[in-house]
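Here is a short tour for anyone who likes to look at a binding site before setting up a calculation. Have the viewer ready, and we will go from the ligand outwards.

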Amino acid sequence: MTKKKKTAIYPGSFDPLTNGHIDIIERALDIFDEVIIAVLHNPNKKALFTMEERVEMIRQSFNGEKSVLVDSFGGLLVDYAKIKHAVAIIRGMRAISDFESEFQMALMNRKLNKEIQSVFLMTGLRWIFTSSSIIKEAVQFGGDISDMVPEAVNIKLMEKFPKI
Ligand code: PNS
């Protein structure tokens, strides 16, 4: 009997990808056969990086990893997950402050599609305070965040905010 491949979607803005995201993806790969990193196309949210830049930085960071796919999506997450035959949506949990909005989103997703489970994974303690927004804030004022993001992201951040 051939085992059916279990695919999970890891959705987000990834503006940009951080080591905290990578930590979650590595944990998800312990459970699922394949993880699709799905970057939300949201015309209403102003991003630092374009969709193409975000996707490219993620591709470079997972170069050669066959069980990690990178894609973009718009519209409802559960519709996208269904098209991809995913069984689960992965979200990272850092602290209690994440809980309320994640809980609300998971329940809405379940209402919209009961077949797709939300799976919450805890980041390693090292990344508990890491977020794309705080990294962008630090780097624009010259802060060194090179150990909080993959190399490909650090290079792009340095291009956006060159140290003078
Ligand atoms: O990294 P983010 O910005 O916290 O990710 C949020 C994301 C992309 C998971 C969420 O905004 C999303 O799923 N948007 C797609 C629209 C959708 O399906 N909304 C209904 C569920 S509340």
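Let us begin at the ligand of this predicted model. A backbone N or O atom of L77 sits 2.8 Å from one of the ligand's oxygen atoms. Two side chains also place an N or O atom by a ligand oxygen: that of R91 at 3.0 Å and that of K45 at 3.5 Å. The table puts these contacts side by side.

| Residue | Part of the residue supplying the N or O atom | Distance to a ligand oxygen atom |
|---|---|---|
| L77 | backbone | 2.8 Å |
| R91 | side chain | 3.0 Å |
| K45 | side chain | 3.5 Å |

On its own, the ligand has 560 Å² of accessible area, and the protein covers 70% of that. Which residues are around the ligand? They are P11, G12, S13, L40, K45, F73, G75, L76, L77, R91, M105 and N109.

Next comes the loop between β1 and α1, which holds some backbone geometry worth a check in your viewer. F14 is placed in this loop and has a positive phi of about 45 degrees, although it is not a glycine. P16 also lies between β1 (7–12) and α1 (19–29), and the peptide bond leading to P16 from D15 is cis, with omega near 0 degrees. For background, most residues other than glycine have a negative phi, and most peptide bonds are trans.

Now for the chain as a whole. Its secondary structure amounts to six helices and five strands, and the order from the N terminus is β-α-β-α-β-α-β-α-β-α-α. Along the principal axes, the C-alpha atoms fill a box of roughly 60 × 35 × 35 Å. Why does the radius of gyration agree with a compact globule? Because a compact globule of 164 residues would have a value near 15 Å, and the protein chain has 16 Å.

Finally, look at a pair of helices. The axes of α2 (residues 51–61) and α6 (residues 151–160) come within 8 Å and cross at roughly 145 degrees. From α2, the residues E53, M57, Q60 and S61 meet A152, V153, K156 and K160 of α6. By character, the residues of this contact comprise three nonpolar, two polar and three charged.

Terms used: Residues numbered from 1 in each chain as written. Predicted model: local features only at pLDDT ≥ 70, side-chain atom pairs only at ≥ 80, totals over all residues. Heavy atoms only, no water. Axes fitted to C-alpha atoms, helices over the stretch in contact; angles between N-to-C directions. Helix = DSSP H or I, 4+ residues; strand = E, 2+ residues; numbered from the N terminus. Contact = heavy atoms within 4.5 Å. Nonpolar A, V, L, I, M, F, W, Y, C, P; charged D, E, K, R; others polar. Near = heavy atom within 4 Å. Polar contact = N/O pair within 3.5 Å; in protein donor to acceptor, adjacent residues only side chain to side chain. Areas by Shrake-Rupley, 256 points an atom, 1.4 Å probe, with all protein chains shown as cover. Rg over C-alpha atoms; globule rule 2.2 N^0.38 Å.
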